[in-house]
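I opened my notebook to a fresh page for this one. Have a look along with me.

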Amino acid sequence: MDVTTLAVALISVGGTLGGTLGGAVLSQRASQAEAAEQNRRADREREQERDEQALQANRDLYARLNTAARAYRVAAQDAVLATERGESLDPALLDAAKDAWTDQYSQAQMTLARDVLQVASALNRSLGIGYSVVKHLPNSPDLDRACQRAKRWFSGPLSDGVYLLRVTLRHDLGVEVDPHFEQTRMQILSALRDARNDLDCLLTAERAQAAGSN
């Protein structure tokens with residue numbers, strides 16, 4: 001075999017090997033790129049699943065919180081109406097509603113955003129005042145006036161507070177978005193705080209008067 005023939009043979013073999021090796025490298029790189037994309041897609045899917053689970057957990061918590069607030073208010077209203085009519089009402093019903101709200105509120109405190117927690121906290125204090133109003137009724141110097149005052153509280157400021165909680169929860173979930181929501185939230189919170197403070201002062205004064213007369 002002469003030199004030329006040998007050179008041609010070597011070049012031919014080298015080209016074949018080079019093409020084979022080059023193809024293998026490209027194939028490996030393509031496989032790696034595909035695997036990386038699959039990993040990224042899997043990460044995105046897992047993140048999306050976590051977000052959906054977190055959103056569903058919030059929906060469930062918010063639904064329970066809203067239900068507990070409404071049930072607590074209704075139980076207190078029923079107690080006021082029963083007292084006004086001179087009927088006996090099992091105090092365990094109101095206490096059970098109070099405990100259910102307290103349980104849901106305690107859980108919500110760990111997850112609520114600051115603005116949502118502000119509303120829930122204001123409502124919690126207002127429900128507490130409402131509970132005191134109901135318990136104070138039997139000792140009121142003027143039962144009729146006390147019942148009327150209690151009914152105004154539960155149908156007025158406290159009803160607005162329960163409404164605000166529901167709207168705030170829906171807003172936080174993105175279900176109900178109002179461009180004027182923040183203004184509405186602050187107005188209702190302010191009115192609820194003022195009404196709660198006024199009622200608390202009245203109850204304190206009545207307790208002091210009752211203690212002084214005993």
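These entries cover a pocket, one residue on its lining, and an arginine I was curious about.

**Entry 1, the pocket.** I kept in mind that this is a predicted model. I looked up the largest pocket and found a volume of about 190 Å³. Its lining is made up of Ala79, Ala82, Thr83, Glu87, Leu89, Asp90, Pro91, Leu94, Val134, Lys135 and Pro138. I sorted the lining by class and got seven nonpolar residues, three charged and one polar.

**Entry 2, where the lining comes from.** Which helices each supply at least two residues of this lining? I noted helix 1 (3-84), helix 2 (91-108) and helix 3 (114-136). Helix 1 gives the largest share, three residues.

**Entry 3, Pro91.** I picked Pro91 from the lining and placed it in helix 2. Pro91 is partly exposed, because its relative accessibility is 46%, in between the 20% and 50% cut-offs. I also checked Pro91 against Lys135, another name on the lining list. The two are 44 residues apart along the chain, and their C-alpha atoms are separated by 9.3 Å.

**Entry 4, Arg185.** Next I turned to Arg185, which sits in helix 6 (residues 181-213). Is Arg185 buried or exposed? I read a relative accessible area of 2%, so Arg185 counts as buried, the limit being under 20%. Leaving out residues up to four places away in sequence, I found Arg185 touching Asp115, Gln118, Val119 and Leu164. For Asp115 I wrote down one more detail: its backbone oxygen lies 3.5 Å from a polar atom of the Arg185 side chain.

Notes
Residues are numbered from 1 along each chain as its sequence is written. This is a predicted model: local features need pLDDT of at least 70, side-chain atom pairs count only at pLDDT 80 or more; totals for chains, interfaces and linings use all residues. Side-chain values use heavy atoms; hydrogens and water are left out. On a 1 Å grid over the protein atoms alone, a cavity is a set of points where a 1.4 Å probe fits but cannot get out, and a pocket is an open set with protein on both sides within 12 Å along at least five of seven lines; lining residues have an atom within 4 Å of a point. Grid points are joined across faces, edges and corners, and a volume is the space filled by probe spheres set on the points. Ala, Val, Leu, Ile, Met, Phe, Trp, Tyr, Cys and Pro count as nonpolar, Asp, Glu, Lys and Arg as charged, and the others, Gly among them, as polar. Buried means under 20% relative accessible area, exposed over 50%, partly exposed in between (1.4 Å probe, protein chains only). A polar contact is a pair of N or O atoms within 3.5 Å; within protein, one must be able to donate a hydrogen and the other to accept it, and residues adjacent in sequence count only if both atoms are side-chain atoms. Contact means heavy atoms within 4.5 Å.
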